There are 2 protein chains.
Amino acid sequence: MEAHNIVIVEDHMLLSQAISSLVNSFDNFNVLYLCKHGKELVTKLKTPKNIPAIVLMDVNMPIMNGIETTEYLKKNYPDIKVIALSVEEEEDTIIKMLKAGAKGYLLKDVEKSILEEALNEVINNGYYHTKDISNLLINTLNEDYKDSKIQLKDREIEFIKHVCTELTYKEIADKMFLSPKTIDGYRDALFFKLQVKNRIGLVIYAIKNKIIKL
Amino acid sequence: MEAHNIVIVEDHMLLSQAISSLVNSFDNFNVLYLCKHGKELVTKLKTPKNIPAIVLMDVNMPIMNGIETTEYLKKNYPDIKVIALSVEEEEDTIIKMLKAGAKGYLLKDVEKSILEEALNEVINNGYYHTKDISNLLINTLNEDYKDSKIQLKDREIEFIKHVCTELTYKEIADKMFLSPKTIDGYRDALFFKLQVKNRIGLVIYAIKNKIIKL
DNA sequence: GAATAATAGGGTGTTTTTCCTTTAAGACCT
DNA sequence: AGGTCTTAAAGGAAAAACACCCTATTATTC
């Protein structure tokens, strides 16, 4: 049995080199090369001998992140299996990665043996998921994902971004070319939708749900 | 020359195992054991043969974090050299770790070769710092650290935490057993200190400066 | 004894929030 | 083509909360 080639895409060099030596210690796997981000991988893949069986992909990277990169691979190199590797435990992120085509999602606190198991499973069965991730996905389905995640309209998002500044509602109205009264309407609708009682509640919601970044 | 013993304290098992195999690949270093957090290390050290030359210490850990653990080592095992290992680039954190007695501070995106260099330097010279960290420290000194970082009093921090909730000022006054008028005072003092215009400004400040966590 | 910090009050204008109503434009249905 | 529904956009009025003045009492500290 010949060794399967692995590529690691991860911006923290220490981690990627460390994982690399870990993977090389497994019997039937071999690290081809390391990339710091998706862009670097895309360039590398242009050379046919650089095409691996599996990519171990970090989700959060500069320049071209894990989700974009995985989507690119799905389109252009459908035979490459992607295993996501992340500290992110947020449902949203995990689901995006899986939708993008990842065959597995490992949290960075998994043990060496699980990594090896995951690599083997992906080669043999095409996918691998820890119980954690499976449970999370089931929960997600149960709570009717699309509905549970409150969907805000474009104009509401624009409004809520202004809410997170020191502008008064009157000033927000000016910026959005609307009457202050209309702004009242947006505000009250959001208070109800998001179950908050005042502007502070909106700000906290916006930050928790990453509508604004700090 | 016999190999120096290393202990790795890091909550993400994949990373710690990976770093472990990296360190073991260096000629004159040997990993004694791994710990998931400071508490585990403290217990381990009670057995004399478990005392290493160097501890590679993550900063952010559950139960007993890198800063606390490093302080403990400085007091009880002053001969153990600590090298901090973190993704955190914040001045504050770095300074706290160095004050606690760390002999080096590596960002997790360093390369394998730098890690080896750091280990050797710490054994031979007693300390190691990358240019990044040195520069950062110099900047810190230049900008007169103590003044630049606005210092909030305990009671102000307590207040600002309440500000980031949906409570009214009247309700905050009740919770803090103060008159609403005193609360006005706290608020206005913070408006001035932090150069903000209203409550939203306080909330944004609190989140940016990690006075509250979300 | 003077300076400082924490606490608190009086008065006032502005902003936010709530409640209730209205108009105009599009979508949908038959 | 006409009737019905929905939604975005607004208005009036009033109460609650917020923000901004300026002053006063204590206790601590120097």
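Start at DNA strand D: the surface near the strand has 3 nonpolar, 5 polar and 8 charged residues. Here Ala, Val, Leu, Ile, Met, Phe, Trp, Tyr, Cys and Pro count as nonpolar, Asp, Glu, Lys and Arg as charged, and the others, Gly among them, as polar. "Near" is for a C-beta atom, placed from the backbone, within 6 Å of the strand.

Before you click on: this is a predicted model, where local features need pLDDT of at least 70 and side-chain atom pairs count only at pLDDT 80 or more, while totals for chains, interfaces and linings use all residues. Residues are numbered from 1 along each chain as its sequence is written, and chains are lettered from A and ligands numbered from 1 in the order in which they are written.

Stay with strand D and select Ser179(A), Lys181(A), Thr182(A), Thr168(B) and Asn198(B), the closest of the 16 residues that surround it.

Now hop to DNA strand C. Of its 17 surrounding residues, Asn198(A), Leu178(B), Ser179(B), Lys181(B) and Thr182(B) come nearest. Colour H10(A) next: with 4 residues, this helix provides the largest share of the surface near strand C. Helices (H or I, at least four residues) are DSSP runs, numbered from the N terminus. By class, you'll find 3 nonpolar, 5 polar and 9 charged residues near strand C.

Last stop, the protein–protein side. Select the 31 residues of chain B in contact with 31 residues of chain A; contact puts the two C-beta atoms, placed from the backbone, within 7 Å. H1(B) gives the most to chain B's side, with 8 residues. That side divides into 15 nonpolar, 7 polar and 9 charged residues.

Conventions. Helix = DSSP H or I, 4+ residues; strand = E, 2+ residues; numbered from the N terminus.
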